[in-house]
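Biologist: Could you take a close look at one part of this model for me? I'd like the place where the two chains meet, plus whatever packs around it.

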Number of protein chains: 2
Amino acid sequence: MAPKVERFPLGEFTLLGGQKTTDWFLEYRALGNSQSPAVLKPTCFGGSILSNDIPVGEEHTLTPTKYFIILVGMLGGGESSSPSNTKAPYDGPRFPPIMLADQVAAQKKLVESFGIQKLWAVTGYSMGAMQSYQWAVQFPSFVQHIIPTSGSARCSPHNHVFLEGPKNALLADGRFKNGEYTKNDIPDLGLKGFARAYSGWGFSSTWYREHRYKELGFKDLEDYLVKYWDEGIGAMDPNDLLSLVKTWQTGDVSNIPPYHGDFKAAMQAIEARALIMPSTTDQYFEAIAGEYEVLLMKPGVGKYNPIISIWGHQAGASSNPIDTKFYDDSVAELFAETEAKLKA
Amino acid sequence: MAPKVERFPLGEFTLLGGQKTTDWFLEYRALGNSQSPAVLKPTCFGGSILSNDIPVGEEHTLTPTKYFIILVGMLGGGESSSPSNTKAPYDGPRFPPIMLADQVAAQKKLVESFGIQKLWAVTGYSMGAMQSYQWAVQFPSFVQHIIPTSGSARCSPHNHVFLEGPKNALLADGRFKNGEYTKNDIPDLGLKGFARAYSGWGFSSTWYREHRYKELGFKDLEDYLVKYWDEGIGAMDPNDLLSLVKTWQTGDVSNIPPYHGDFKAAMQAIEARALIMPSTTDQYFEAIAGEYEVLLMKPGVGKYNPIISIWGHQAGASSNPIDTKFYDDSVAELFAETEAKLKA
């Protein structure tokens, strides 16, 4: 039986940019008993609700036997409201820019629809990590823990510039037609350019040097580039990709009132126990950014818990058994600490 | 008075791939007295003969008052024979693949035309570094020193994948027309994609975080991206760019007889004193590759002398006064050591 993905209508929903919507929705999958402690896991860039980037399942710490786990698709990601599935006036290239704060505002509606008054945890990988941070800043008292992997609380200038590559590779394809392409004439060379301009960033140089793509089942480097990157990105909608890039590039948890860009103040607002899990070999969401964020948080709030891995950015995406186990063990320890405190 | 660039006809010149040419040439500039110890400096990717990537001049260690300095343009780089300036049958997209060994074979003809029997040094930045290594492997007894900066002796898998980004961004532009574009209709969006897909790699994340592009005179990040990258790459010929990428991606000093890919054997063949100067924050020609190469060389041949810098790849390109001084001092010390030995 295919896992059940459900649709939550957002009703009247106004974006930070002022655009009013009435027919937008989030797609999600809920696992476990809704009376259990609730864990929210937003999608990553290019991921889907059923992606197993964060380890979820009976064999993991985040098990539906113990937690009510909501896997939710980001706006723009192709499942929830996105350029590719939205009607006029916000269809295709007219889809408005989505801020991290919009993602979280929408997700809060979904979460509250279950009667949840406080999330036990928000956890996510990459852009899912950014959303986890955003939750803790935007609704500090609503979140008990955040566990962002391979992410940070804002897009660094270097990260911004990296994203200019894939974005402009896609825009180079004349068939993109300012986003007015048709399904029968998509900018496939632009999508390939996007994929290849991304590919060097996704894993570490050591991972490449050791030909670790073979562990993922690819026979050589080109086979990996074609099947993992070209086909993966090629399956996505170009306008959706650009919407996600926009959310990512503008991502900064302090870009909401009352912080207005005061990043330190935003970090100080976090009340959730924050287990910060960047990868030591991530080339764009660098570990040092997470270390710095913990220093900015109030004492005892953040814990810097890097994934020591050669899997680069993908270390935070259950890409290999060792890093997956590290996530499971780290989160189990975090939750046990909190449970002990709550009992005391 | 504009510096004088001269043209050296290669005469009958056969490429490793078997293509025979009769009208190819190298462009170069020679500084100083041809009786002085000779230093060869090939261009880097995207550079020109007059680029000041390696510090050359009276205020530097490599001064024309002491050395005969030959600044030579790579085949494919737009000055020496390249897709953009070659006649049929090798014009434009029909320009044959150029190996590092072809570059060095051509340069040897030029060098010998001056009656030079041994080069005092070959030094270069990035692809210029690759050519320096190639010299030492291909003609071991012809080279006294090599000083490669921000480069290595082969293109790593990670480096190869990085280059897939800019390349495929350019190929995404339909106006590239398999290289048959005309001067009035160039793939300018593809060139912009190439530039942006390269931009994140050129400097370190710390450099970006500290907004060091302002030191280069740019007012903000976008100003830097437009003027440094878009305009820099935009001025180049698309087929030339792809020719250089091909030389780079296939670059491996052991890809010639008798090594046939035996990288260690090629490193062991080096007789030149090799001062290996990668940048500690280079994201694609990683410092660790240079450290490893020195370990593979015969004892006493190589010295690992990394540029400790936040300027990333550009640290080896005289991008800032501190790293430039480090080059000058390091090379002066190297030469003094050799001079002392030769006198002893």
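How many residues of chain B are in contact with chain A, and how many of chain A with chain B?

Modeller: Some ground rules to start with. Residues are numbered from 1 along each chain as its sequence is written, with chains lettered from A and ligands numbered from 1 in the order in which they are written. This is a predicted model, so to speak with strings attached: local features need pLDDT of at least 70, side-chain atom pairs count only at pLDDT 80 or more, and totals for chains, interfaces and linings use all residues, while side-chain values use heavy atoms, with hydrogens and water left out.

Now your question: 32 residues of chain B touch 32 residues of chain A, where contact means heavy atoms within 4.5 Å. The two chains bury about 2500 Å² between them, 66% of it on carbon and sulfur atoms. Buried area here is the accessible area (1.4 Å probe) that two parts lose on being put together, summed over both. Of the area that chain B buries against chain A, H158(B), V161(B) and A172(B) supply 21%, more than any other three residues.

On to how the copies are arranged. A turn of 180° with a shift of 0.0 Å along the axis lays chain B on chain A with an RMSD of 0.0 Å (least squares on the C-alpha atoms of residues with pLDDT of at least 70 in both). The copies are thus related as by a two-fold rotation axis. Both use the same surface, as 100% of the contact residues of chain B recur in chain A.

Zoom in on the helices (DSSP runs of H or I, at least four residues; strands are E runs of at least two; both are numbered from the N terminus). Across the interface, α4(A), residues 188-202, packs on α3(B) at an angle of about 155° with the axes 7 Å apart. Axes are lines fitted to C-alpha atoms, for helices over the stretch in contact, and angles run from 0 to 180 degrees between N-to-C directions. That makes α4(A) and α3(B) roughly antiparallel, therefore; the label is for angles over 145 degrees, with under 35 roughly parallel, 65 to 115 roughly perpendicular and the rest oblique. Their crossing is left-handed, i.e. the near helix is turned anticlockwise from the far one by less than a right angle (clockwise would be right-handed). On the α4(A) side the contact includes L189(A), K192(A) and R196(A), and on the α3(B) side H158(B), V161(B) and F162(B) are among the partners. By class, the contact has 6 nonpolar, 6 polar and 3 charged residues. Nonpolar covers Ala, Val, Leu, Ile, Met, Phe, Trp, Tyr, Cys and Pro, charged covers Asp, Glu, Lys and Arg, and the others, Gly among them, are polar.

Within chain B, α3(B) (residues 157-171) also has α7(B) (residues 238-249) as a neighbour: their axes come within 10 Å and cross at roughly 165°. This pair is therefore roughly antiparallel, and α3(B) passes α7(B) in a left-handed crossing. F162(B), E164(B) and L171(B) are among the α3(B) residues that meet α7(B), whose side includes L242(B), V245(B) and W248(B). That contact counts 8 nonpolar, 3 polar and 2 charged residues. F162(B) thus has a place in both contacts of α3(B), with α4(A) and with α7(B).

Chain A has its own version: the axes of α3(A) and α7(A) come within 11 Å and cross at roughly 165°, again left-handed.
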